[in-house]
Amino acid sequence: MFDFLTSGQYDVLGAFWVTVQLTLYSAVGSLVWGTMLAGMRVSPVPIMRSFGTAYVNVVRNTPLTLLIIGCSLGLNQTLKITLGGEDFKEIGFRLAVLGLIAYTGTFVCEALRSGINTVPVGQAEAARALGLNFFQVLTLIVLPQAFRAVIAPLTNVLIALTKNTTVAATIGVAEAALLMKEMLENEADALFAVFAVFALGFVLLTLPTGLLLGWVAKRVAVKR
Amino acid sequence: MSGVSVTKDAEGAAEAADDLVVLSNVNKHFGALHVLQDVNLSIARGEVVVVIGPSGSGKSTLCRTINRLETIDSGTITIDGKELPSEGRELARLRADVGMVFQSFNLFAHKTVLQNVMLGQMKVRKTDQATAAKKAQALLDRVGVGTQADKYPAQLSGGQQQRVAIARALAMDPKVILFDEPTSALDPEMINEVLEVMQQLAAEGMTMVVVTHEMGFARSAANRVVFMADGKIVEEAQPEQFFSNPRSDRAKDFLSKILHH
């Protein structure tokens, strides 16, 4: 029943490795972009606040498939943006990461913003009273405490991101979901077995993430 | 403590030239509430001014306007001859010279006690780490919490936290320190350990603005008592004179309520 795993015809591990890479690059990118968006949304500069709010509300409510296809058809095929990629494979991967960052960053931003609200206002006041500027107050005092408070919701975002990478299959990135589609066509008699293998693969990726970050969240929690 | 008291009338002219903090015609509203009404107050270098008054009289707000944690609607505030800038770099620079101690301590919860006292020195004054740590440790020793340096604020008692907060303010070498009800959140047995540190600072000539309900401190350490009610400064006097012989009815009423209990 699981012959397809040993036939040597399919590189399941290779496909999951692409999934892992998509997840890692997008996770780091979304963390950075989401933090910047959160910074904009709490900044004293009105135009930055407006941009942050508008961006989050538009992108968060756009289907991911639409964003990824938009990156491929719009950015690449129409505007000829390659993001420095050499061939079809590399360009597709980079565009998918860009789309995932643009999308996931909004969820990171909103999780972080709720974390910022858990930091007592006195913390920022004390920092301002010492003579720190807005950027220093945000990066030295408020965000470090906000991050510790939102590790659990950020874990949810990361798990969702891991599974969302399957959308990259729509623009031909050779990750797990694309391979699964191919295998489903070729191995129709082992349909449920194929499903089970890929489901298990994702659980193996996401379950340890959840457990590890749950432990981290407890360890770094700020005591008040 | 009587040695540091200033005879305001005799030295009035000399002091005017040496005023560190000057508030003139300061007004502030919270919505419809007029919390500061044409407030005028000058604080001389080395002077300890205690602000007292009933709840909601605007005394905390007054204290917080001096480093612009509260903005004002009209009037001017100058510190060491410079008008308080409204935003940005200039304001941050000025705040570094004005220490502040809060009612709820507000120590940085994710940093150790030592790091709390080092942060401002390193990030604002650009002191190197070794020098900052040395100075922080010396200040912590001075306020009597030197052995707690590596703990986190939540592991300390309220009195210890507030003394760390005073050390954090002192680390910036401020020209003036503002105390916004520094003992109001403390258990009674911890109030004295904080007041002692403040007494010591006052004796050493630090310029201080203290909003408090501690009449004992006002009596013993203040050069001048400012009594506020309903957003106005009702009475200013030396502590002896204010407590034994208040001029205004509002102050008499206030004192009769608190001194009988």
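Hi everyone, let me start with a pair in chain B: the side chains of B:Arg125 and B:Asp97 form a salt bridge, 3.0 Å from N to O. By salt bridge I mean a side-chain nitrogen of Lys or Arg within 4 Å of a carboxyl oxygen of Asp or Glu. This pair ties together distant parts of the chain, 28 residues apart: B:Arg125 sits in the loop between H4 and helix H5 (129-142) of chain B, and B:Asp97 in the loop between H3 and E6 of chain B. Helices (H or I, at least four residues) and strands (E, at least two) are DSSP runs here, numbered from the N terminus.

Before I go on, a word on what we are looking at. This is a predicted model, where local features need pLDDT of at least 70 and side-chain atom pairs count only at pLDDT 80 or more, while totals for chains, interfaces and linings use all residues. Residues are numbered from 1 along each chain as its sequence is written, chains are lettered from A and ligands numbered from 1 in the order in which they are written, and side-chain values use heavy atoms, with hydrogens and water left out.

Back to B:Arg125. Is it buried or exposed? Neither, really: B:Arg125 counts as partly exposed because its relative accessibility is 34%. The cut-offs are under 20% relative accessible area for buried, over 50% for exposed, and partly exposed in between, with a 1.4 Å probe and protein chains only.

Now two salt bridges inside helices. In the first, the side chains of B:Glu90 and B:Arg93 meet at 2.9 Å, N to O. These two are about one helical turn apart, because they lie three residues from each other in helix H3 of chain B. B:Glu90 is partly exposed, at 45% relative accessibility, and B:Arg93 is partly exposed too, at 48%.

The second is between the side chains of B:Arg250 and B:Asp253, at 3.7 Å, N to O. Again the spacing is three residues, about one turn, this time in helix H10 (residues 249-259) of chain B. B:Arg250 has 31% relative accessibility and counts as partly exposed, as does B:Asp253 at 32%. Salt bridges with shared partners also build one network out of B:Arg45, B:Asp80, B:Asp97, B:Arg125 and B:Lys175, so you will recognise our opening pair in there. Over all chains, the count by this rule comes to 19 salt bridges.

Let's move to the interface. How many residues of chain B are in contact with chain A? There are 24, and they touch 19 residues of chain A, with contact meaning heavy atoms within 4.5 Å. As many of you know, the size of an interface is often given as the accessible area lost when the parts come together. Here the buried area is about 1800 Å², and carbon and sulfur atoms give 63% of it; that is the accessible area (1.4 Å probe) that two parts lose on being put together, summed over both. On the chain B side, B:Phe108, B:Ala109 and B:His110 lose the most area to chain A, together 30% of what that side buries.

Between the two chains there is one salt bridge. Which side chains form it? Those of A:Glu125 and B:Arg64, at 2.6 Å, N to O. Helix H3 (88-96), strand E6 (98-101) and helix H4 (113-123) of chain B each bring at least two residues to the side that touches chain A. By class, that side has 13 nonpolar, four polar and seven charged residues. Nonpolar covers Ala, Val, Leu, Ile, Met, Phe, Trp, Tyr, Cys and Pro, charged covers Asp, Glu, Lys and Arg, and the others, Gly among them, are polar.

Next, two backbone details in chain B. B:Arg68 has a positive phi of about 60 degrees although it is not a glycine, and it lies in the loop between helix H2 (59-65) and strand E4 (74-79). B:Arg68 counts as buried, at 17% relative accessibility. B:Glu181 also has a positive phi, about 50 degrees, without being a glycine. Its place is the loop between strand E7 (176-180) and helix H7 (188-203), and B:Glu181 is buried, with a relative accessible area of 12%.

Last, chain A. It has ten helices and zero strands, and its C-alpha trace spans about 70 × 45 × 25 Å along the principal axes. Of its 224 residues, 46% are buried. Thanks for listening!
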